[in-house]
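Visitor: Please choose one part of this structure and look at it closely. After that, I would like to hear how the rest can be read in a similar way.

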Amino acid sequence: MAEKFEAVVVGCGPAGAAAALELAKNGVQVLVLDRARVPGGKNVTGGILYGQNDTPYNLDYVLPEFEKEAPLERRIRKYFMHAISGNKVRRVDLTELHEYNTKFAWSVLRTKFDAWLSQKVHLAAKKTGGGLISGVRVSGLVLENGRIAGVETSELEPIHAEVVIAADGATSELVRQSKIRNWMEPSSWFQGVKAVLSMSQSELERIFNVSGDEGVAHLYAGNLFGNARGGGFLYTNKDTLSIGTVFHLDSVVSEGLEPHRYLDRLLAHPVLAEMLADRAREVEYSAKLIPDGKKAFIERPYKDRMLVIGDAANQMLAAGPIIKGMNLGITAGILAAKSYVEAKKRGDLESVGARYAQALSDSYIRKSLEGNGLLRSALSILTSIGEGVAKTSLFSSAVKSPLVLGQIEGMLKSYRLSESAPDSAFAYNTLPSKLAEIHGDEVKTAKRFTTLPIDERIARLSYDTDIGKPHIEVLDDTPQASGACVTACPVSARDSSRGCYSLVEQEVNGRKVQKVVLDTQPCVECGTCAVVGATQWEHPRGNKGVEYKFG
Amino acid sequence: MAQELNYVVLTKGVPDFREGKVVFKEDNTLNRAATPTVMNPNDYLALEAALEAKVKYGGTVNIICMGPPPYKKVVQEGMQRYADHLYLLSDAKFAAADTLATAEAIRLAVQKLGGADIIFAGFKTADGETGQTGPQAAWKLGYSLATHVIRYNLNPEAGIFEVTRSIKDELEFVRGPLPAFLVTDPAFKSEYRTATQRLKLQDYREETKKRAYQFEEFLTIWDAAALGADEWKVGIKGSPTIVEAVDPIPRAPSERKARVINGRDRDQLQGVVELILERRA
């Protein structure tokens, strides 16, 4: 007889954890499955754990004492944007923007933080006859009369449930299988790469001018990233720094520069080199795909009795320089749990999806991801005009005016405008470069920060390789179909044969042909090659694959 | 099921032969006093097998170990893996027992427990390597015996066990009546295929780790009198085996000169690389 639980939650990141905690709180028997050996071992973030004033459904709703108990890094009190042109940097204080509607804001390292969350989840779920099982990869859905009735895994017998909550992240296999989102569109993704750097706590506090549990965030944009649309970030942790770059995936592909090289450009830029040289040491490299929730908002993230939450449902907001993902997932998790509890109470389980969609629609999540349509169109037109105007001397002389400068920086600090900021080269590159060029100060430093080659970065990661069972297969190995993998995969490089993807020349019938070859051993399971190449992409089995130490 | 199943796991304390733990005398024989005693490594698999039975079929796991009072630490080690109750058979009258006399003590202890549905034992002990004690105990108790078990199933209602034995290059499937004495092969592997089993397994592991801290609350020590042992059947008096001589196993003489290299030190590693290149040339 098949096993049955009231609820199965797939993935124990912040979204899945919040859903499970809320279910358990309401007496629901909930089974949580996570494919890492310890939840968090696969998870990374390039963001801040926010709580918002306009919703009660933040992490403290399910874990009221989390600020006291959780392994958090630092409370982010200051937020700066650095507009960069060459060695010139204009710093803009965006603390006001960061604080807008903010209840709390913490930097976190996900491996530690999610592991802690998962313990809370396990204890709560045990009380209602469920619990957390890690090292289990959910591979598919159980269908009954054509409708979703549970999950299949690589490790266990099929598990039936009244409700399945898919919180399996940006690379959700459940979402792909149930065709809830179009996976294959590079323009609806960001790709982030990150380095965690260790630094002594006292040095860190001195250099970043923080003390106690206070921390600071710095963002970087401008011409150091060429034409790639995106930017860099730095968050202070307790005794480490999270430094990364995030770009729209289509521009990573079209620019053809390898992702780790953007990170290198940031790390080596004088504004960072001055702080990092001789003090900081890279301890972990990581990467992930990030859904662009504004471009790919899913209005009805459910199918039958499967509800999708968090990154899996594209619930990620890039409000200009403010990045919010984890808190949207947490809110959605709580709403999904409440929808199930309510549907069950009314004896109308089939209504659970519609209830969840309605709750999302009434929440800030829809409002912020859909944004103000009119404002978005207007800004989109304005920035495309801006792109043309920016090349003229008129624009330069206008920006020179303190009045215009004040206007531009004022606009940067407006949350409403940021929320509706369009994805444009003007916003990411042109305007910051211009600001820095005209109003920036030259950073003069003799200090150099030496970045690590990609081979060394891979060598420092831990893997439990599923030998003989590659989880990715290249379906078409021509450079036309899968060549983008070589440059866009964050653990591949043209000049390295140690990465996942490389281009090799072979002689076939006396003719030289180029082929894309794959070695999944260094894979960090980001999903990039599933989007930009012709591949058959699955997650490794439970416990297998990359295992982060910081995340 | 009429009655809860009862499992016994046999464990033995052996010298810790791991490098860095084991101490040798000048004549290269084992310095028993200076070498710590640990649970026989193969017995871990017997405990895993008993835990699998508890998860799948319910019941109680009892560890039985024979040895002097300091062997409490050995049964504690067992409890860290899994046990509900611990029994240490400890009496000067049990000392210097051969395999037959040990099997007799085990028989008495199992019978004092009211018998067992399954007795699990590991494959050989690291010190004696005889592999006789288990089968002799099974024979004395009249239980079905299966050795080299790599997997097993129970049908408690029908009173039947089924095992897969790994014998050389072949697998043998054996079915027999309970009670049974199962000896786990070093290749034994537990299998948990349902979520409920995995949840129970986690719970049991958590519980036993907590219990192991205060293991003495779960420990019973039985002496020869408590077991009603016939002193001519246990200990040295009950041991027909005569050890004529023991060949000292000489420690392999060290012929190579070794230097420890710090793998994180690039200069030292460079030296290694240079040496390899030099020798190859």
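**A turn with positive phi, and the loops beyond it**

Guide: A:Asn509 sits in the loop of chain A that joins strand E23 (501-508) to strand E24 (511-518). Keep in mind that this is a predicted model. The backbone of A:Asn509 has a phi near 50°, a positive value in a residue that is not glycine. Most residues other than glycine have a negative phi. The relative accessible area of A:Asn509 is 80%, so the residue counts as exposed, the cut-off being over 50%.

A second case is A:Asp278, whose phi is near 65°, again positive in a residue other than glycine. A:Asp278 belongs to the loop between helix H10 (270-276) and strand E15 (281-291) of chain A. At 78% relative accessibility, A:Asp278 counts as exposed.

Another loop of chain A deserves a longer look, the one that runs between strand E25 (535-537) and strand E26 (545-547) and holds A:His539. Is A:His539 buried or exposed? With a relative accessible area of 5%, A:His539 is buried, because buried means under 20%. Leaving aside residues up to four places away in sequence, A:His539 touches A:Arg35, A:Arg137, A:Thr171, A:Glu173 and A:His471. A:Gly551 is twelve residues from A:His539 in sequence, and their C-alpha atoms are 18 Å apart in space.

One of the residues that A:His539 touches, A:Arg137, also forms a salt bridge with A:Glu538, with 3.6 Å between the closest N and O atoms. A:Arg137 is in the loop between strand E7 (131-134) and strand E8 (138-144), while A:Glu538 is in the loop between E25 and E26, so the pair ties together parts of chain A that are 401 residues apart in sequence. A:Arg137 is buried, at a relative accessible area of 6%. A:Glu538 counts as partly exposed, at 34%.

The E25-E26 loop takes part in another salt bridge, between A:Asp466 and A:Arg541, whose closest N and O atoms are 2.8 Å apart. A:Arg541 is in the loop between E25 and E26, and A:Asp466 is in the loop between strand E21 (462-464) and strand E22 (472-474); the two residues are 75 residues apart, and the pair links distant parts of chain A. A:Asp466 counts as buried at 14% relative accessibility, and A:Arg541 as partly exposed at 33%. In general terms, side chains of opposite charge can pair when their charged atoms come close.

Over all chains the structure holds 56 salt bridges. Some are joined into a network: A:Arg147, A:Asp304, A:Arg305 and A:Glu350 are linked in this way.

Chain A also has a nonpolar surface patch, formed by A:Ile381, A:Leu382, A:Ile385 and A:Val389, with about 350 Å² of accessible area together. A:Val389 is placed in helix H14 (residues 373-389) and is partly exposed, with a relative accessible area of 30%.

Chain B can be read by the same steps. B:Glu162 forms a salt bridge with B:Arg175, the closest N and O atoms being 3.0 Å apart. B:Glu162 is in strand E8 (residues 160-167) of chain B and B:Arg175 in strand E9 (residues 170-177) of chain B, 13 residues apart. B:Glu162 is partly exposed, at 32% relative accessible area, whereas B:Arg175 counts as exposed, at 61%.

Past strand E9 comes a backbone feature. The peptide bond from B:Leu178 to B:Pro179 is cis, its omega being near -5°. Most peptide bonds are trans. B:Pro179 is found in the loop of chain B between E9 and strand E10 (180-184).

As a whole, chain B has seven helices and eleven strands. Its C-alpha atoms fill a box of roughly 75 × 50 × 40 Å along the principal axes. Of the 281 residues in chain B, 43% are buried. Among contacts in chain B with a separation of 6 or more, 72% are between residues 24 or more positions apart. Chain B exposes about 16200 Å², with carbon and sulfur atoms supplying 51% of it. Chain B carries 37 positive and 38 negative charges, and the mean positions of the two sets are 3 Å apart.

Notes: Residues are numbered from 1 along each chain as its sequence is written. Chains are lettered from A and ligands numbered from 1 in the order in which they are written. This is a predicted model: local features need pLDDT of at least 70, side-chain atom pairs count only at pLDDT 80 or more; totals for chains, interfaces and linings use all residues. Side-chain values use heavy atoms; hydrogens and water are left out. Helices (H or I, at least four residues) and strands (E, at least two) are DSSP runs, numbered from the N terminus. Buried means under 20% relative accessible area, exposed over 50%, partly exposed in between (1.4 Å probe, protein chains only). Contact means heavy atoms within 4.5 Å. Accessible areas come from the Shrake-Rupley method with a 1.4 Å probe; for residues, only the protein chains shown count as cover. Lys and Arg count as positive and Asp and Glu as negative; His and the chain ends are not counted. The place of a charge is taken as NZ of Lys, CZ of Arg, CG of Asp or CD of Glu. Patches are made of residues with over 30% relative accessible area and no salt bridge: like charges are joined within 9 Å, nonpolar side chains (Val, Leu, Ile, Met, Phe, Trp, Tyr) within 5 Å. A salt bridge is a side-chain nitrogen of Lys or Arg within 4 Å of a carboxyl oxygen of Asp or Glu.
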